Structures are given as structure tokens and as C-alpha cells.
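Student: Could you help me learn to read a structure like this one? I would like the general idea of each feature and then the case in front of us.

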Amino acid sequence: MLIFILSGLIFLFAFKTIQTFYFHNLEKHLGKLAFAIENSFRPYLYKKDNEAIDRLAKYLGKKLQARITIIAPNGVVLGDSKRDPKKMENHANRPEVKQALQGQKGSSLRFSATLHKTMFYLAVPVYQERQLVGILRVSLFAEDINHLLSQIRLRLLELTLVLSFLASFLALFFSRKFSHPIRILAQAVSAIAKGRFQTRVRLESKDELGQLARGFNEMASQIELLFQELSLEREELKAIIEGLQAALVVLDMNGQIVLANQSFKEMVGFEQIENRFYWEILREPDLNSFLKTLREKPQYLLQEITIKNKTFLCSATFIPKRKKLVLILHDLTPLKEIKRVKRGLVANVSHELKTPLTAIKGFIETLLEEEDDAQKKHYLEIIRRHTERLCNIVQDLLTLSALETKSSELHIETVNLSQLLAEIKEFFSSRLRRKGLTLTINITPQAETIRVDAFKLEQLFINLIDNAIKYTEKGGISITITPSDHKYIKIIVADTGLGIPSEHLPYIFERFYVVDKSRSRRTGGTGLGLSIVKHIVKLHRGEIKVESQLGKGTKFIIILPK
Ligand code: ADP
């Protein structure tokens with residue numbers, strides 16, 4: 001289109017230039033002709049021989065194949081090669097004549113009233129001795145000029161068209177040459193976009209397009225490699241997830257199942273569970289509230305939950321980038337079963353041991369009373385101490401298993417703490433006196449009463465104070481009770497004793513854990529006292545913490561609901 005428009009413009013401009021040039025040339029040529037024949041007329045004009053003038057005009061007109069007109073300075077036509085001058089009107093106001101009368105060369109292209117045709121006129125003034133004697137006008141039929149010009153125009157048009165077609169053809173050829181490789185590249189790109197990563201481009205050219213093609217091929221092989229690696233990794237991950245013994249399920253934030261492994265499917269008893277909502281396949285209040293917490297506040301969460309009467313340890317991880325929850329459920333049933341059996345065994349054995357041990361203890365005491373031999377008495381004393389220790393262990397084990405079994409229900413009643421602690425103080429008074437220790441009790445009036453299992457709370461205080469006395473050599477023990485947060489009370493049992501090394505602190509509530517074995521044996525410790533305390537606190541839905549500084553003392557802080 002551009003080529004054709006530009007060619008058209010060039011054609012118009014060229015034709016106009018040629019036309020202008022042609023007329024200019026024609027004017028010059030007619031001027032020269034006028035100059036050449038002017039002399040032939042001058043004598044006749046001077047003599048005013050009008051007949052000779054007309055004759056000469058007709059003769060020269062024929063010879064030169066041009067119209068020749070001679071006009072007097074007043075506009076009267078004196079001679080004309082085509083018509084009878086007498087029949088012609090006054091020419092004084094013809095434009096070319098007007099110009100010539102002013103002493104200039106005059107030209108015009110206009111319609112001839114005499115010949116009824118368009119003509120090109122050129123008029124020059126004729127002087128004789130510096131006096132204007134007439135006007136010589138030479139003219140040509142515009143038809144002839146136009147014929148010539150239209151021939152030129154036709155030629156020019158032909159040339160323009162040929163050149164335009166040639167240029168268009170070349171443009172098409174080159175654009176094809178450039179667009180072909182681009183089209184191939186575009187096809188390859190869309191193939192890659194559709195996932196056909198093995199697509200390559202074959203372009204031999206060494207120019208920028210060739211470079212582009214090589215770059216593209218490199219990129220495609222990299223993508224293919226990456227995709228293969230990714231697929232492999234995905235396969236691996238899938239195999240790992242499938243092979244997991246624990247049940248695994250991935251949920252989106254709407255609760256829709258994105259992925260689940262075989263263990264999970266077996267657990268719920270459905271095979272096709274992807275894209276279904278978890279509540280469609282599992283209606284468990286524990287799981288519902290666990291997921292509700294997670295959906296409200298995505299976080300890492302670990303909790304024991306019951307599904308289909310089985311206990312699971314459920315760990316939830318939130319993937320923020322994908323807004324998904326990964327749940328892993330470990331079946332704790334076998335573990336719980338082992339624990340239960342173990343507990344039963346310990347309880348049974350302790351129970352069976354209790355009667356013979358009590359009998360042994362009783363008879364040793366009788367023997368000790370009756371024995372006079374100092375050596376034998378010494379041995380009997382050792383036996384008595386160890387039997388005492390055995391009795392303590394059995395008693396503690398029985399207490400613990402009683403606390404752990406479900407049957408250990410709490411008998412909640414309102415307890416007056418001042419009263420309870422006064423009784424306990426009384427119970428420990430002789431031991432305190434023997435070791436020269438003090439026991440101070442501070443109770444804020446608002447924390448005076450509490451609703452707890454009185455027997456168990458007493459046991460708690462006895463164990464803590466017993467320990468404090470055991471592990472304190474000088475100073476004393478203080479018990480402070482204050483309200484905490486309206487609904488709770490805070491009990492602090494502090495001593496000024498040996499303290500516990502910090503590395504032991506996390507374990508002291510575990511069963512049979514003792515810091516110093518020889519000392520514990522000496523003092524008759526079983527390593528069960530603090531486990532019992534912790535159990536009692538847990539049963540009351542409270543919390544226990546310990547703070548200790550070696551050589552300075554230990555502080556047990558207990559928070560219990562009122
Ligand atoms: P034990 O019957 O041996 O006292 P516990 O379970 O009551 O067993 O205590 C566990 C361990 O914690 C003890 O062996 C002792 O080392 C340490 N412990 C407990 N209470 C105190 C305390 N008040 N001061 C120092 N150490 C303590």
C-alpha cells in the first residue's frame with residue numbers, strides 16, 4: 001500500500017514537473033520562433049501593408065505548422081494564418097496581448113474565441129526604431145500539446161506501475177524471508193507453552209534470528225531437564241508419602257482434600273477422597289474443633305485427638321505460600337495399650353508386694369525390740385531401713401497408679417487452706433525441729449478457700465514439704481498462697497536448701513528420676529514424689545513449674561483453679 005501511495009505521489013509530482021518544464025520549454029521555443037520571424041513582418045508593419053502582413057502570416061503559419069497572428073498596437077488584427085483578420089474582433093484585451101502591449105513577453109493557455117479550441121499563445125511586441133509597431137503572436141493547438149503530454153503521462157504511469165509491482169514483489173519476498181523463521185519460532189514457543197518440551201527449532205541462518213533459535217533450543221532443553229527432575233522429585237515424594245505408615249492428608253483452607261496417602265484412605269475407609277470436603281468422610285468432633293482452630297489461625301499445632309474411638313497424635317503444619325494444611329496422624333492406640341498394660345502390671349505387683357512387705361516390716365520391728373546383741377541389732381536395723389524403703393516405693397507406686405487410672409475421680413470439696421496447712425505443719429513439726437528448720441505459711445485472705453480434692457491436695461503438700469525438709473540443711477521453708485487472675489490461686493513452696501542443677505530440672509517430674517542417687521537412698525527417696533505431685537496438679541487442671549538456684553534453694557510454683 002505504502003509503495004503504491006508513494007509511487008502515485010511520485011507519478012503526480014514527476015508529471016507536474018515534466019508538464020511545467022514542457023510548457024516552459026515551449027514558451028522559450030515559441031519565443032525564439034517569434035524572434036526569428038519578427039523581422040520578416042517589421043517592414044510591412046512599418047509600411048502598414050496589411051495585405052502583405054496577412055499573406056506572410058498565412059505562408060509562415062503553413063510552413064511552421066503554427067498559428068501566427070499580427071495585431072496592431074490598438075488591438076486590431078492585421079493578419080492571421082487561420083482566419084480572415086477583417087472578420088476578427090479587436091484583440092487588445094487578450095491576456096497575452098495585454099502583456100505584450102506593456103513591452104513584455106506574454107503567454108497564456110486558453111480557449112480561442114476565434115477557433116473555438118484551447119490554444120497556447122505567445123505574444124511579443126515588435127519595435128521599429130524604438131516605436132511599437134505591432135504585436136506578433138505565435139500559437140499552438142493545446143490538443144497537440146495535450147496529446148504529447150498524455151503520451152508522456154501514459155509512459156510515466158506504465159513505468160510507475162511496473163516499478164511499484166516490482167517493489168511490492170521484492171517487499172513481499174523479503175518480508176516472507178524474515179517472517180518465516182519468526183513464524184517457526186512462534187510455533188515452537190506455543191508448543192513449549194502447551195508442555196511439549198522436546199520441541200526444537202532448526203534454523204541455519206547466522207544472523208540474529210539464528211542466535212535467537214539457538215538460545216531458544218538451549219532454553220527448551222533446560223526446561224525439559226528441569227521438568228524431568230521435577231517430575232522425578234514429585235514421584236519420589238509421592239512414593240514417600242504413600243509409604244508413610246502415619247496417615248497424611250493435605251487440606252486447603254476451605255477444608256477440601258487435596259492429597260491423602262493410603263494409610264489415611266484406609267483409616268477413613270474411602271478410596272476416592274481427593275477434592276471432597278473432610279467433613280463428608282469424617283465426622284469427628286475432636287477433628288472438627290482441631291481444624292476450626294487451624295483455619296481461624298493457621299499455625300503449627302500438635303494435639304491428641306480421637307477418631308473412630310482411636311487416639312491419634314495429630315500434627316498440623318501450615319504452608320503459607322500455598323495456603324494449605326498438612327496433617328499427619330500417628331496412631332497412638334498400641335502405645336496407649338502398652339502403657340495401660342504396664343500400669344496394670346505395676347499396680348498388681350505393688351499390690352501383691354504390699355502385704356508380705358508389711359508383714360516383714362512388722363516382724364523385723366518385733367525382732368529389733370527383742371534383740372540384745374548389738375551386732376545383730378545393727379544388721380537388723382539395716383534390714384529395717386531397706387524394708388522401709390521398699391514399703392515407701394510400693395506405697396508411692398500404688399498412689400501413682402491410683403492417680404493414673406480413670407477411676408481416680410476427684411472428690412471436690414471446699415477446703416480451708418489455713419486449716420489444712422496448720423495440720424500439715426503439725427505433722428512435720430518434729431522433723432523440722434530435729435533439723436532446726438522453720439516453716440512459715442503466708443495466705444492472702446482472698447485465697448483462703450479453694451475447691452479441690454482435699455485428700456490429694458494434702459498429699460501434694462506433704463510430698464513437697466517432705467522434699468524441702470529432705471534437701472534443706474539450714475534456713476527454712478516458706479509457703480505463700482495468693483490469688484491469681486480471679487479464677488486461680490498461686491501456691492509457692494520455697495526452701496533455702498541445696499537447689500537442683502539446671503540440667504536436671506526438665507526431668508525431675510519423671511518417675512524414678514533422682515538427682516543424687518546415693519543421697520536419695522540415704523534419705524529414703526523413691527523418685528516418685530514429684531510424679532505424684534504433678535499428677536495431682538494435672539488432675540485439677542492446674543500447672544506446676546520449678547525454679548532453682550544451686551546452693552540457694554528451690555521454688556515450686558503451682559497454679560490451681562479456685
Ligand atoms: P525423691 O523421692 O527422691 O525425693 P522426687 O520425685 O520427690 O523423688 O524428687 C526427684 C528429685 O528432685 C529428687 O531426687 C531431688 O534430687 C530433687 N528435688 C526434689 N525436691 C527438691 C528440693 N526441694 N530441693 C532440692 N532437690 C529437690
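Tutor: Gladly, and let us begin with burial: a residue is buried under 20% relative accessible area, exposed over 50%, and partly exposed in between, using a 1.4 Å probe and protein chains only. Ile-319, with a relative accessible area of 32%, is therefore partly exposed. Bear in mind that this is a predicted model, where local features need pLDDT of at least 70, side-chain atom pairs count only at pLDDT 80 or more, and totals for chains, interfaces and linings use all residues. Residues are numbered from 1 along each chain as its sequence is written, and side-chain values use heavy atoms, leaving out hydrogens and water.

Student: Where does Ile-319 sit in the secondary structure, and which residues does Ile-319 touch?

Tutor: Helices (H or I, at least four residues) and strands (E, at least two) are DSSP runs, numbered from the N terminus. Ile-319 belongs to strand β9, residues 310–319. A contact means heavy atoms within 4.5 Å. Leaving aside residues up to four places away in sequence, Ile-319 touches Lys-324 and Val-326. Its C-alpha atom is 57 Å from that of Thr-438, a residue 119 positions away along the chain.

Student: How many helices and strands does the chain have, and how spread out is the chain?

Tutor: The chain has 14 helices and 17 strands. For the spread, take the radius of gyration over C-alpha atoms and compare it with the globule rule, 2.2 Å times the number of residues to the power 0.38. Here the radius of gyration is 63 Å, well over the 24 Å that the rule gives for 562 residues, so the chain is more spread out than a compact globule. The C-alpha trace spans about 200 × 55 × 45 Å along its principal axes.

Student: What share of the chain is buried, and what share of the contacts links residues 24 or more positions apart?

Tutor: Buried residues make up 38% of the 562 in the chain. Among contacts with a separation of 6 or more, 54% join residues 24 or more positions apart.

Student: How should I look for disulfides, and how many are there?

Tutor: A disulfide is a covalent bond between the sulfur atoms of two cysteines. The search counts a pair of cysteine sulfur atoms within 2.5 Å, and it finds 0 disulfides in the whole structure. As for individual cysteines, Cys-314 is buried, with a relative accessible area of 0%. Cys-391 also counts as buried, at 17%.

Student: Which residues have a positive phi although they are not glycines?

Tutor: One of them is Asn-309, with a phi of about 65°. Asn-309 lies in the loop between β8 (301–307) and β9, and its 77% relative accessibility makes it exposed. Another is Arg-541, with a phi of about 55°. Arg-541 is in the loop between α14 (529–539) and β16 (543–549), and is exposed as well, with a relative accessible area of 73%.

Student: What does Arg-276 touch, and where is Arg-276 found?

Tutor: Arg-276 is in the loop between α6 (262–268) and α7 (278–281). At 27% relative accessibility, Arg-276 is partly exposed. Not counting residues up to four places away in sequence, Arg-276 touches Gly-255, Gln-256, Ile-257, Phe-270 and Ile-281. The C-alpha atoms of Arg-276 and Leu-251 are 9.8 Å apart, with their positions 25 residues apart along the chain.
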